[in-house]
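Me: I've got this one open in the viewer and would like a close look at a single helix and what it sits on. Can you walk me through that part in one go?

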Amino acid sequence: MILAVETATLATSVALLRGEVLVAEWTELDPRPHSERLLPAVDALLRGAGVALADVEGFAVSIGPGSFTGLRIGIATVKGLAFGSGRPVAAVPTLEALALGARDGSGPVVALLDARRGEVYAAIFDATGAALGPDAVLTPDALAARLPPGTRVVAGEGAEPAAAALAARLGEKVRVLPPPAGLARAFPVGLLGARAFARGEGVEAALVAARYVRRAEAEVHRTGERFEPST
């Protein structure tokens, strides 16, 4: 039994899975802070499914890139729940989960999220879901130059204009998926978490860290470096 959390964007999403089978999911787009919505959502989801927190055997959480504040709240919440239960955590890349929700096996998929300043967070995956490179921060023009033929684009929160620019530049080579395909949800996070646990890749809660890709402005001023090292 896996509890999955996605807070990398405006959406607050939680899901409960038994293995790779969805038991229940709750997703809400709301301007209120994740800190006000997440724990009540977890409580309502578990109660609605008739499941106690003690029955949860592992946690999966979206680790970014995305909203700095949203990621911190999601990860901190999962750490608190996992510390209390002693259960392992699967750290799930946000863009990989976003792409999984849109993949149909017909060709490459690129997942986009708004990175502001005219750029997007982007990651490209082949038809099997394997990453074709690390998460990156790119302009639409720079991303267009990297896309394989036949790529499908899933544009997450705020990235629709960039996806439209890609489609205009590349024409039929890019198929933009409209909402809800571009909504960051906890179910794909849970699926990837289940697969990570099956590979023995669950970790202690204390080891989970956000993948911001771009550094916060305060850290840029301190270090002079805007981007995190590629991993």
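Reply: Quick bit of groundwork: the expected span of a helix is 1.5 Å times one less than its number of residues. Keep in mind, too, that this is a predicted model.

With that in hand, take α1. It has 16 residues, running from 34 to 49, and the distance from its first C-alpha to its last is 22 Å, close to the 22 Å expected at 1.5 Å a residue. Just after α1, G50 takes a positive phi of about 70°.

Now for which way the helix faces. The buried residues in α1 are H34, R37, L38, A41, V42, L45 and L46. They cover an arc of only 150° around the axis, so they sit on the same side of α1. The general rule behind that kind of pattern is that an α-helix has 3.6 residues a turn, so residues three or four places apart point the same way. On the face turned away from the buried side of α1 you'll find the exposed residues L39 and R47. As for what does the covering, β1, β2, β3 and α2 are among the elements over the buried residues of α1.

That brings us to the sheet. It is an open one of five strands in the order β3-β2-β1-β4-β5, with mixed pairing. The edge strands are β3 (21-29) and β5 (89-92), each of which pairs on one side only. On average, neighbouring strands of this sheet are turned by 15° against each other, direction ignored. Helix α1 packs on the sheet by touching β1, β2 (11-18) and β3, and its direction makes about 25° with that of β2. The other helix here, α2 (residues 68-85), also packs on the sheet, but touches β1, β4 and β5, with its direction at about 170° to that of β4.

Let's go through the pairing under α1. β1 and β2 pair in the antiparallel sense over five bridges, with E6 opposite S13 in β2, and a hairpin of four residues joins β1 to β2. β2 and β3 are antiparallel as well, over eight bridges, and here T12 stands opposite E28 in β3. The hairpin of β2 and β3 has two residues between the strands, and G19 takes a positive phi near 65° in it. The parallel part comes from β1 (residues 2-6) and β4 (residues 58-62), which pair over four bridges; I2 has G58 as its bridge partner in β4. As for β2, seven of its eight residues are buried, so this strand is largely enclosed by the rest of the structure.

Finally, the side chains. The largest nonpolar core has 24 residues, and those with the most contacts inside it are L3, V14, L16, V42, F59, V61 and V89. Elements giving two or more residues to this core are β1, β2, α1, β4 and α2. V42 ties the helix back in here: it is one of the buried residues of α1, and it is also on the contact list of L3. Leaving aside neighbours within four places in sequence, L3 is in contact with A15, L16, V42, L45, V56, G58, F59, A60 and L81. There is also a second, separate core of 19 residues, which includes A99, Y121, V137 and V154.

Note on methods. Residues numbered from 1 in each chain as written. Predicted model: local features only at pLDDT ≥ 70, side-chain atom pairs only at ≥ 80, totals over all residues. Heavy atoms only, no water. Pairing = 2+ DSSP bridges. Axes fitted to C-alpha atoms, helices over the stretch in contact; angles between N-to-C directions. Contact = heavy atoms within 4.5 Å. Buried < 20%, exposed > 50% of the residue type's maximum accessible area, 1.4 Å probe, protein only. Arc of directions from axis to C-beta. Core = buried A, V, L, I, M, F, W, Y, C linked by side-chain atoms within 4.5 Å.
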